[in-house]
Amino acid sequence: MPFQLYGWIAPQKGQSLGSSSVVRQNGRNTVSTNMMISGYVESGDLLSARDMFDAMPYRTAVTWTIMIGCNDAEADKKLIQVHACVIKLGYHSSLMQNCGIKPSDFTFAGVLTAAVRLNDLDFDAGGSETDDVELSDCTLLAITLATGVRIAHKTPIRKALFDAHAFHITGFVCNVFVGNALLDFYSKHDCLVGVRKFFGEMSDFDGISYDVIITCYAWFAQHDEAIRLFRELQFTCFNRRQFPFVIMLSIAANAPDLKMGQQIHSLAIATTVASELVVGNSLVDMYAKCGRFEEAEKIFRTLAKRSTVPWTAIISGYVQRGFNEEGLNLFNEMHKSGVRADQATFASILKASANLTSLSLGKQIHSFIVRSCFMSNVFSGSALLDMYAKCGSIKDAIQLFQDKPERNIVSWNALISAHAQNGDPKATLDTFEKMVQSGFQPDSNTASMVDMLCRSGRFHEAQKMMAEMPFEPDEIIWSSVLNSCRIHKNQELAMKAADELFQMEVLRDAAPYVSMSNIYAAAGQWDNVGKMEEIRKKIDILSEQTEKEGYRPDTSCALHDVDEKMKIEPLKYHSERLAIAFALIRTPEESPVLVMKNLRACTDCHAAIKVISKIVRREITVWDSSRFHHFKDGICSCGDYW
């Protein structure tokens, strides 16, 4: 049914009623003409709306606002250019005397919204610093119209925004719509300082104001402030159905913070928005990233429409947690249901095939990506390169890189990592130098370089590179150093790397503890193994609890020729038990635990983990060289046969 307003049906596109003649017939009746223009705009026929607009002998602020309010990216440029007349009508006294028209608050808000939509069209995407990007003529015009502050040509974004901020002081903001429009304008131009300052000065705000600033804080990864504002929002009288549930669920998902996610879910249920598609998609993503796949699938199966977004969310959740086969099975189901995959989906299933080191599967996915026309996407291409490298097919990885029509820092990093993973230090260093010569600055690929140097025993060069980096070494780099120190028995540097890692607020996994344990054990320093205080305390508690439940150490699994009492101590610090202790300390209660191990689990650890799963009431999954072991309530899925 076409748009209908007061009994008037707007014509379909191309079915103009003869704009000029209609306007002539209406004469000075601007109300009816405005209704007709609004009908054209609502039906998407902007050309006819513009023709009628141009033919009007008298226009009001309502007329201009209707034209500004159309939501069409291509039309926005033309409309803002047309609105130069509004500036003249609103701010040039001679024309005001003749016409007596001044833009309303809704006009200001509409122009700022149009300027935000023009962001990708009008700004120099090549600039790396927002401060260096100049505003286009259209956007300068929009700010001038919306704020009453004339901005000089070639003014950088942030200066223009702060100059325009003066309109608040001069009293131009008398309506929350205008305030929200400018708040959104700050946000879309990555000006967090401006967003914070302006929000604090707004005399009137609503739920949308909170939505914009919370989203901005989340975008800048300032999650604590976003959460604080969300709590503050809950004590307002604003419509709870309009709360930023999606952004808050994304914060919980990326933390991951299951408890927070469940609280947001409860609030969404209470406000009856949990059934909305966009919130449902976010709930699937949150539960999947928190490892609660039963809840994720339950919500997923009840979604009114399962688009690419929830499919990808649950697939990537499985793959990130190491359940690669489950992720691939879901991808097959997704394909059979007729839902198209996107670059994020392909990146996840390529990671799954890489984790399974299945080259044949990876090639099938490669073929599927080609048929789906995603090869031009740089991220899909880099994921493919990484897959071939991890599956040991370095020739395919190199060929893929050479065939790329576009190479960016992601592509170069993938190739550097490919050479490093396949143990070719010369090719790794050569590729690194070529990348620098191509004009790309080293970033995360430094980790691969440090890793390559350390693997080769070139610790002095690795330390020199780390000292010259423009950023502090992160967990990935120090973990790489620590692992190489274990191989080359460099205990002094290993202790330094371990100290750096243990001082970090958050560690992804227990690998550093396992590495240090192995280093001390290889040197026969069992007392030092027990010095890893936090983990040691947890292991002691678990040992005491398991013994109360009837567990007895199986000393036949100890390899050292010492007395029975001395054999028991090393068993407690086997890698899978260190990893489980770490997970129990660092992850939310009741969340599942996943441990990846490249050796067959010993019978003593198998028996101990069964009891631990019963004590902590968590599902513990251990992958060893033969299979997955799913421990739950004191029972293992393998039935003690492996």
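**Two helix pairs and two cores**

Hi everyone, let's start with one crossing: helices H37 and H38 pass each other in a right-handed way. Before I go on, please keep in mind that this is a predicted model.

So who is touching whom here? From H37, the contact takes in Glu576, Arg577, Ile580 and Leu584. H38 brings Asp604, Cys605, Ala608, Ile609, Ile612 and Val616. Sorted by class, that gives seven nonpolar residues and three charged ones, with no polar residue in the contact.

Now the geometry. H37 covers residues 575-586 and H38 covers residues 603-616, and their axes come within 11 Å, crossing at roughly 15°. Since angles under 35 degrees count as roughly parallel, H37 is therefore roughly parallel to H38.

Let's move to another pair, H15 and H17. H15 spans residues 207-219, H17 spans residues 245-254, and the two axes come within 10 Å with a crossing angle of roughly 25°. By that angle, H15 and H17 are therefore roughly parallel to each other as well. The handedness is where you may want to turn the model on your screen: H15 passes H17 in a left-handed crossing. On the H15 side you'll find Ile214, Thr215 and Ala218, and facing them on H17 are Ile247, Met248 and Ile251. Five of these residues are nonpolar and one is polar, while none is charged.

Two of those names come back when we look at the cores. Which residues have the most contacts inside the largest nonpolar core? They are Ile214, Met248, Met286 and Val481, in a core of 110 residues. So Ile214 from H15 and Met248 from H17 are both on that list.

Let's stay with Met248 for a moment. If we skip its neighbours within four places in sequence, Met248 is in contact with Ile214, Ala226, Ile227, Phe230, Met260 and Ile264.

There is also a second, separate core, this one of 18 residues, including Leu571, Ile580, Cys605 and Cys638. That takes us back to where we began, as Ile580 and Cys605 also belong to the contact of H37 with H38.

Finally, let's zoom out to the whole protein. It has 38 helices and six strands. Of its 642 residues, 49% count as buried. How much of the contact set comes from residues 24 or more positions apart? Taking contacts with a separation of 6 or more, such residues account for 61%.

That's my tour, thanks for listening!

Terms used
Residues are numbered from 1 along each chain as its sequence is written. This is a predicted model: local features need pLDDT of at least 70, side-chain atom pairs count only at pLDDT 80 or more; totals for chains, interfaces and linings use all residues. Side-chain values use heavy atoms; hydrogens and water are left out. Axes are lines fitted to C-alpha atoms, for helices over the stretch in contact, and angles run from 0 to 180 degrees between N-to-C directions. Helices (H or I, at least four residues) and strands (E, at least two) are DSSP runs, numbered from the N terminus. Angles under 35 degrees count as roughly parallel, over 145 as roughly antiparallel, 65 to 115 as roughly perpendicular and the rest as oblique. A crossing is left-handed if the near helix is turned anticlockwise from the far one by less than a right angle, and right-handed if clockwise. Contact means heavy atoms within 4.5 Å. Ala, Val, Leu, Ile, Met, Phe, Trp, Tyr, Cys and Pro count as nonpolar, Asp, Glu, Lys and Arg as charged, and the others, Gly among them, as polar. A nonpolar core is a set of buried Ala, Val, Leu, Ile, Met, Phe, Trp, Tyr and Cys residues joined through side-chain atoms within 4.5 Å. Buried means under 20% relative accessible area, exposed over 50%, partly exposed in between (1.4 Å probe, protein chains only).
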